[in-house]
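Reader: I'd like a close look at one spot in this model, and then a walk outwards from there. Start with whichever residue you like, and tell me what it sits on and what lies beyond.

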Amino acid sequence: MNYKPEIVDEMMDTPDLNAQQDSSAVAAGKQKPSTQTGSTRSGDVESSRLPGFYELPVGERLQTVAKVAHLSESDKFSIGQFGSLNGELTDVFIENAVGTFSLPLGIATNFLINDEDVLVPMAVEESSVLAAASHGAKLARVGGGFKTSATPPVMTGQIQVFLKKECLYDEILTSRKDELLSLANRGQDGLLARGGGALDLDWHYISQMDSLVLHLYIDTRDAMGANIVNTMCERVSTILPEILPCELGLRILSNLTDRRRARAECLIPAKAFNSPEFNGHDVVDRIEKAYLFGFYDRYRAATNNKGIMNGIDPVLIATGNDWRAAEAGAHAWAARDGAYRPLAVWKKTLHGDLHGSLELPMAVGVVGGVTKLHPTAQASLKIMGNPDASRLAQIVVATGLAQNLSALRALASEGIQRGHMGLHQKNLDLLHQRMQPTSSRN
């Protein structure tokens with residue numbers, strides 16, 4: 001597969017940190033947002049480098065992001081309320097709704113993706129995750145940031161049938177293939193007009209269970225596409241008993257979307273790893289060895305890949321995407337050759353620098369479902385520049401690679417606990433405070 005990253009070079013105004021008081025009031029929910037919006041395209045940022053961002057009060061952080069990403073007062077209100085769902089939306093999103101469960105929403109900084117600065121919203125409860133992603137992006141930035149690309153958004157649907165007797169199913173299905181594809185695309189005029197639709201059909205036989213399985217390949221454009229795929233599979237299945245002596249089995253999409261992948265890579269000069277304690281070239285050697293440890297040991301590979309998903313899942317959650325589907329596809333992809341391997345590859349170059357790459361199935365959407373209804377998901381997409389599904393997938397995978405880089409760097413040098421526990425200490429301090437008797441707090 002030849003990847004051709006789209007490169008966009010756009011410059012916008014630098015952020016202004018004024019109006020702290022107004023921003024804090026909106027963030028706290030004490031002031032109503034205005035509905036006025038600017039004419040500048042949201043999400044276009046001059047730089048994702050925001051030194052000291054983590055040291056700012058919450059209200060100032062929100063104001064900074066709003067300025068950089070050109071968010072409206074309404075967008076700021078959706079994010080800053082720390083609970084932007086109402087009863088109606090909550091009841092739509094979940095059965096037996098009784099309330100909401102809030103997650104912290106933070107912004108990962110330093111990301112340079114295809115020469116364009118990006119702020120990455122992440123919804124996650126663990127403080128070290130966002131810090132690690134930002135640090136990994138900062139290291140990658142020294143070598144020019146991340147180069148990313150994606151395949152077309154082609155999903156896979158499965159139709160299982162059980163043959164009642166022997167038949168020439170290859171000949172039959174080949175002769176009726178065009179008819180089956182036309183049937184799949186019936187009623188999908190909008191999708192077809194956007195360049196999507198059912199593209200191809202193939203099949204294989206599973207002798208161990210005497211089952212024939214058809215794979216329907218569908219370009220779902222900017223949708224994740226689960227409902228589209230399932231609808232088409234069920235429609236095509238209606239005609240199969242008429243052309244094959246069979247009983248129908250399952251008809252559903254596969255979350256191993258190996259035809260819908262995103263890729264990110266980066267090159268980090270060895271000098272970027274220099275520190276008073278460690279030589280950069282030694283760190284590069286150790287990171288490569290850490291990768292090889294995971295390659296040959298599935299216990300290590302599982303923890304390594306969990307760390308990658310530490311970066312990926314929070315972006316998916318922040319944008320209203322199905323992180324569970326992404327997890328399933330990623331881990332299946334990690335075992336595609338019969339052994340469970342690390343998702344990312346890290347190698348020392350001939351010049352002694354570090355090259356990393358991550359490619360995996362990544363089915364995301366920016367239209368339909370929660371993504372369109374959830375106000376925080378909409379604001380998160382706006383922060384990233386309102387990407388299409390392909391661009392969002394690339395941002396997600398770059399975040400996973402940044403997360404892995406940061407974790408491996410720590411493991412290969414001072415160890416994971418120094419930074420992790422330093423950030424986790426806030427949680428421990430708060431827990432200790434709340435466990436004290438009320439009288440001792442006064």
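Author: Let's start with Leu292, which is partly exposed because its relative accessible area is 30%, between the 20% limit for buried and the 50% limit for exposed. Bear in mind that this is a predicted model. Leu292 belongs to helix α10. Its C-alpha atom is 8.9 Å from that of Val345, although the two residues are 53 places apart along the chain.

So what does the helix sit on? There's an open sheet of four antiparallel strands, ordered β3-β8-β10-β9. Its edges are β3 (147–150) and β9 (344–348), each of which pairs on one side only. From one strand to the next, the twist averages 15 degrees. Helix α10, spanning residues 280–296, packs on this sheet and touches β9 and β10, with its direction at about 140 degrees to that of β9.

Now look at the two strands under the helix. β9 and β10 (residues 354–361) are antiparallel partners, joined over five bridges. If you want to get the register by eye, Ala344 faces Leu358 of β10 across the pair, and further along Lys347 is opposite His355. The two strands make a hairpin with five residues between them, and in that turn Gly352 has a positive phi of about 85 degrees. As a rule, side chains in a regular strand alternate between the two faces of the sheet, which is handy to remember when you rotate the view.

Stepping further out, you get to the packing. Nonpolar side chains tend to be buried together in soluble globular proteins. Here the largest nonpolar core takes in 56 residues, and the ones with the most contacts inside it are Phe111, Phe146, Phe273, Leu343, Trp346, Leu360 and Met362. Helix α15 (residues 389–411) gives the largest share of this core, with ten residues. Try clicking on Phe146: leaving out anything up to four places away in sequence, its contacts include Phe111, Leu112, Ile113, Gly136, Ala137, Cys266, Leu401 and Ala402. A separate core lies apart from that one; it has 33 residues, with Ile159, Leu173, Leu183 and Leu201 among them.

Move on to another open sheet, again with four antiparallel strands, in the order β5-β6-β4-β7. Here β5 (197–206) and β7 (246–253) are at the edges; each has a single partner strand, so one side of each is left without a neighbour in the sheet. Neighbouring strands are turned by 20 degrees against each other on average, ignoring direction. Helix α6 (residues 169–184) packs on this sheet, where it touches β4 (154–163), β5 and β6, and its direction is at about 150 degrees to that of β5. Helix α8 (residues 226–237) lies across β4, β5, β6 and β7, and runs at about 170 degrees to β7.

Within that sheet, β5 and β6 (residues 211–219) pair antiparallel over nine bridges, and Trp203 stands opposite Leu214 of β6. The loop between β5 and β6 holds Asp210, and here's something worth a glance. Most residues other than glycine have a negative phi. Asp210 has a positive one, near 50 degrees. With a relative accessible area of 48%, Asp210 is partly exposed.

Asn386 makes a nice companion: its phi is also positive, near 50 degrees. This residue is in the loop between α14 and α15 and, at 45% relative accessibility, counts as partly exposed. Go back into helix α14 (residues 375–383) and you find Ser380. Ser380 counts as buried because its relative accessibility is 0%. Setting aside neighbours within four places in sequence, Ser380 contacts Leu105, Pro121, Ala318 and Thr319.

One last stop is a helix pair. Helix α2 (residues 58–69) packs with helix α3 (residues 73–80) at an angle of about 140 degrees, and their axes are 10 Å apart. The crossing is right-handed. Leu62, Gln63 and Ala66 make the contact from α2, and Lys76, Ile79 and Gly80 from α3. Sorted by class, that's three nonpolar, two polar and one charged residues.

Technical notes. Residues numbered from 1 in each chain as written. Predicted model: local features only at pLDDT ≥ 70, side-chain atom pairs only at ≥ 80, totals over all residues. Heavy atoms only, no water. Pairing = 2+ DSSP bridges. Axes fitted to C-alpha atoms, helices over the stretch in contact; angles between N-to-C directions. Contact = heavy atoms within 4.5 Å. Core = buried A, V, L, I, M, F, W, Y, C linked by side-chain atoms within 4.5 Å. Buried < 20%, exposed > 50% of the residue type's maximum accessible area, 1.4 Å probe, protein only. Left-handed = near helix turned anticlockwise from the far one by under 90°. Nonpolar A, V, L, I, M, F, W, Y, C, P; charged D, E, K, R; others polar.
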